[in-house]
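This briefing is meant for a reader who is meeting the structure for the first time. It begins with the ligand and the place where the ligand sits, and then turns to the chain as a whole.

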Amino acid sequence: MGSQGRVAVVTGGARGIGRAICLALARQGADVAIADLNLPAADELAAEIEALGRRALALRVDVSRRDEVREMVGRIVAAWGRLDILVNNAAICPMAPFDQITDEQWARTLAINLQGPFICSQEAVKVMKPQGWGRIIAISSVAGKMGSVRSGADYSASKGGVIALTMCIARTYARSGITANVVAPGTVHTDLNRNWPQEALDDLEQRTPLGYLAEPEDIAAAVAFLASDEARYITGEVLDVNGGFLMD
Ligand SMILES: NC(=O)c1ccc[n+]([C@@H]2O[C@H](COP(=O)([O-])OP(=O)(O)OC[C@H]3O[C@@H](n4cnc5c(N)ncnc54)[C@H](O)[C@@H]3O)[C@@H](O)[C@H]2O)c1
């Protein structure tokens, strides 16, 4: 499976699932830009990727800011001349119960989790379309397909929205050599849920047919496949990586 000579950008790439995606793409031959609010962590990962023999760029970017995303794409193209793979991974996961979600929180979650992928995709296809080749992969969630009471309704709505957004991109650019797909994880061991009560994690584990929660590398493997040259005939797909938690 390969991404030899491809140029990738992973938003929220500095830690958790994004970090594992950066490493998986680098291992299959891509040069990787790590776009994150957390520049020191992105810098550390860049050094790790370079040690694998690939090129890496650490970029401080807020995905909800059009100007910053435009600059991100500009810096990648200036450095490496192209952009082949965009992974829309950056997100926040507030936990307020439905009746306590403020308008401000709703707007912030949607700005990062849904408008962010919209802005990043729009800026990326400006480069991918003339190249005649591109891969856009969004990280949704099981919450975006079946709702959730633990993570907030704002989070679930943003994750459902990113599925529809990615399908629109898949349909729009199918004849331009660009595929767009979604990976929808169940619960994954990361900092995002480190502070969840242990009973909640135990309950999720028990309701997962495989009997354990995912590691970031389980999600990264699915993303790396969809980004590879071999996945050329898959577009508009939602790939569940949830241990059987939801079978549909
Ligand atoms: N962890 C899970 O159980 C789980 C389950 C389903 C889906 N997901 C999804 O997987 C993705 C990664 O989750 P994770 O668990 O690794 O999260 P995480 O919180 O560990 O990492 C998220 C990263 O995104 C960055 N980020 C946050 N806001 C940003 C912004 N505005 N601009 C740029 N970067 C920003 C953070 O700095 C951080 O490095 C998210 O889309 C999340 O919704 C996670």
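In this predicted model, the ligand occupies the space that is the largest pocket. The shell around the ligand holds 25 residues, and those that come nearest are Asp36, Asn89, Tyr155, Lys159 and Thr190.

**Surroundings of the ligand**

- Sorted by character, the residues of the shell around the ligand comprise 12 nonpolar, 9 polar and 4 charged ones.
- Two helices, helix 1 (16–27) and helix 6 (153–173), each contribute at least two residues to the shell around the ligand.

**Polar contacts and burial**

- Tyr155, one of the residues that come nearest to the ligand, places a polar side-chain atom 2.5 Å from an oxygen atom of the ligand.
- Asp62 also offers a polar side-chain atom, which lies 3.0 Å from a nitrogen atom of the ligand.
- In the case of Val188, a polar backbone atom is involved, and an oxygen atom of the ligand is 2.8 Å from that backbone atom.
- The ligand exposes 840 Å² when it is taken alone, and the protein buries 94% of that area.

**The chain as a whole**

- The chain contains 8 helices and 7 strands.
- Because the radius of gyration of the chain is 17 Å, close to the 18 Å that the globule rule gives for 248 residues, the chain is as compact as a globular protein of that length.
- Along its principal axes, the C-alpha trace of the chain extends over about 50 × 40 × 35 Å.

Terms used: Residues are numbered from 1 along each chain as its sequence is written. This is a predicted model: local features need pLDDT of at least 70, side-chain atom pairs count only at pLDDT 80 or more; totals for chains, interfaces and linings use all residues. Side-chain values use heavy atoms; hydrogens and water are left out. A residue is near a molecule or strand if one of its heavy atoms lies within 4 Å of it. A polar contact is a pair of N or O atoms within 3.5 Å; within protein, one must be able to donate a hydrogen and the other to accept it, and residues adjacent in sequence count only if both atoms are side-chain atoms. Accessible areas come from the Shrake-Rupley method with a 1.4 Å probe; for residues, only the protein chains shown count as cover. On a 1 Å grid over the protein atoms alone, a cavity is a set of points where a 1.4 Å probe fits but cannot get out, and a pocket is an open set with protein on both sides within 12 Å along at least five of seven lines; lining residues have an atom within 4 Å of a point. A molecule sits in a cavity or pocket if more than half of its atoms lie within 2 Å of its grid points. Helices (H or I, at least four residues) and strands (E, at least two) are DSSP runs, numbered from the N terminus. Ala, Val, Leu, Ile, Met, Phe, Trp, Tyr, Cys and Pro count as nonpolar, Asp, Glu, Lys and Arg as charged, and the others, Gly among them, as polar. The radius of gyration is taken over C-alpha atoms; the globule rule is 2.2 Å times the number of residues to the power 0.38.
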